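Biologist: Hey, can you walk me through this one? I'd like to get a feel for it before class.

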Amino acid sequence: MSRTAQFISDALRPPSRLPLAQWAEANVRLDHTSYVQGRLSLEFYPQLRAFLKHADNQRMKRLTVMKAAQTAATTGMMIALLNRIAENPVAAMWVTANAEKAKEYVNRRLFPALLDCPAVRALAPADWTWRLVQFATMDLMIRGAVSKQEMTSDPVGLMVCDERREWQIPVELVRQRMKTFGNAQEISIGTAGVVNDSLHSDWRDGSQGFIHFTCPKCAHSQPFRFGKKKTALFPEARDIGGVVWPDDERTRNADGSWKLEATVNPDGTRLGDGVRCLAEYQCEKCGEKLPQSARLPLLKTAVDVHRNGKMVEQFPSLHWNFMVMPGDAMDFGAGAVTFLTAMAALKASGNQEPLRYFVTDDCGEPWEMLASKIEASDIMARMGNYCVGEKFKAEAGESFTLMTVDRQKGHLIYVIRQWLKG
């Protein structure tokens, strides 16, 4: 068949009727740069199954995902893009945090994925740049979200917004590019940031979907949720449920500190102790404790459940945390260790950053400052035995001195203070 005849044949070929998830498993192969490698299988990835289901809906206008870091969200976006190129082409733009990240992502992940998908490789041009790929069916533009000038471009029917937390421009500026297309779609994904930021607001305005599993004992449907206290996404506290671990000699050292990892004997054998080994997931209704080994069966049958059902079709929004990933690095015990380490840093020096990263990058929830929750006793407990004008002790750590001045009409009022982290 001549190239002309092949082009006409491809142009007249009707789009695949396979659901997007099935199309992906039949057509997509991912390399070593992706968490999911080789021939794609979604069996143990409930978040990708949910994401692709909503991305496949032609009535969808905006799909928003607020999630934990390194949980295969970019893989889902790539699959959706590959499918549009091969089956339902439209001018598209992929926007990430900045030009450097955009170029790195394109060269390391996007281009290899394009070439590893036969349905897309046949449509790819002989030459391309990292900013523009002109397929036989559509144009794909890649941009960094750093300036208004970067967004000056032709209209697009598909806008893929990646790494929303890192953007330096408002997302509304990007959405201006979508006005020409009546059926334009936006896929917006980012690791959680702070409460009420742009991504959190978009998620809250959508369907507010969570990945739910069903307790094998009482059949109660519930989201993967780490703790019991109320948070920005879970406004009601609960008495039981979430990741739990025993508090006894198996998980405590002699000085009372947490024993995070298992004890290793001189001969190299490991004892079944330590928080990492003993952490489990407790059902929030019946209290049944599910061991680490139960996680894969839970993931296999998990589904998305939405608080705001009216928004599911046109404005679906999804949330997921580290527990939706099947690997050992993100199991119940790993989350417990990260949390306890962060709490130890907060107690020792007042450093909130490890806890913040646990909340946003592991739990996928927006961060809310703790300042309003600190008791007076917490502040007074840090008070040292110092005289006026005396400097911090050398062993306290690196410090710096700052003068602040209030200029009045005929005089100055100044205060000199020494500052120390924590």
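Modeller: Sure, let's go from the whole chain down to single residues, keeping in mind that this is a predicted model.

Biologist: Cool. How many helices and strands does the chain have?

Modeller: There are 13 helices and 17 strands. The C-alpha trace spans about 90 × 70 × 50 Å along its principal axes.

Biologist: And how much of the chain is buried?

Modeller: Of the 422 residues, 44% are buried. As for the outside, the accessible surface comes to about 22,600 Å², and carbon and sulfur atoms hold 53% of that.

Biologist: What share of the contacts is between residues 24 or more positions apart?

Modeller: Counting contacts with a separation of 6 or more, 67% are between residues 24 or more positions apart.

Biologist: Okay, switching to charges. How many salt bridges are there in the whole structure?

Modeller: A search turns up 18. One of them joins the side chains of Arg-59 and Glu-313, at 3.0 Å from N to O. That pair links distant parts of the chain, 254 residues apart: Arg-59 is in the loop between helix 3 and strand 3, and Glu-313 is in the loop between strand 14 and strand 15.

Biologist: Why does Glu-313 count as partly exposed?

Modeller: Because its relative accessibility is 39%, and partly exposed covers the range between under 20% and over 50%.

Biologist: Got it. Which residue does Asp-202 pair with?

Modeller: Asp-202 forms a salt bridge with Arg-62, with the closest N and O atoms 3.8 Å apart. Asp-202 sits in helix 8 and Arg-62 in strand 3, so this bridge ties together parts 140 residues apart in sequence.

Biologist: Is Asp-202 buried or exposed?

Modeller: Buried, because Asp-202 has just 9% relative accessibility. Its partner Arg-62 has 21%, so Arg-62 counts as partly exposed.

Biologist: Which residues are linked with those two in a network?

Modeller: Arg-164, Arg-175 and Glu-186 are linked with Arg-62 and Asp-202 in a network of salt bridges.

Biologist: Nice. What does Arg-165 pair with?

Modeller: Arg-165 forms a salt bridge with Asp-361, and their closest N and O atoms are 2.9 Å apart. Arg-165 is in the loop between strand 7 and helix 7 while Asp-361 is in helix 12, so the two tie together parts 196 residues apart in sequence. Arg-165 counts as partly exposed because its relative accessibility is 32%.

Biologist: Which side chain of opposite charge is nearest to Arg-84?

Modeller: That's Asp-56, but it is 8.5 Å away. Arg-84 is buried and has no salt bridge. You'll find Arg-84 in helix 4, which runs over residues 73-87.

Biologist: So what does the side chain of Arg-84 make a polar contact with?

Modeller: With the side chain of Gln-185, at 2.9 Å. Leaving out residues up to four places away in sequence, Arg-84 also touches Pro-89, Val-90, Met-138 and Leu-158.

Biologist: Last topic: which residues form the nonpolar patch on the surface?

Modeller: Met-403, Val-405, Leu-412, Tyr-414 and Ile-416, with about 540 Å² of accessible area together. Strand 16 and strand 17 each supply at least two residues of the patch.

Biologist: Which strand gives the most?

Modeller: Strand 17, with three residues. Tyr-414 is in strand 17 too.

Biologist: And why does Tyr-414 count as exposed?

Modeller: Because Tyr-414 has 54% relative accessibility, and the cut-off for exposed is over 50%.

Definitions and conventions:
Residues numbered from 1 in each chain as written. Predicted model: local features only at pLDDT ≥ 70, side-chain atom pairs only at ≥ 80, totals over all residues. Heavy atoms only, no water. Helix = DSSP H or I, 4+ residues; strand = E, 2+ residues; numbered from the N terminus. Buried < 20%, exposed > 50% of the residue type's maximum accessible area, 1.4 Å probe, protein only. Lys, Arg positive; Asp, Glu negative; His and termini not counted. Salt bridge = Lys/Arg side-chain N within 4 Å of Asp/Glu carboxyl O. Polar contact = N/O pair within 3.5 Å; in protein donor to acceptor, adjacent residues only side chain to side chain. Contact = heavy atoms within 4.5 Å. Patch = residues over 30% accessible without salt bridge, like charges linked within 9 Å, V, L, I, M, F, W, Y side chains within 5 Å. Areas by Shrake-Rupley, 256 points an atom, 1.4 Å probe, with all protein chains shown as cover.
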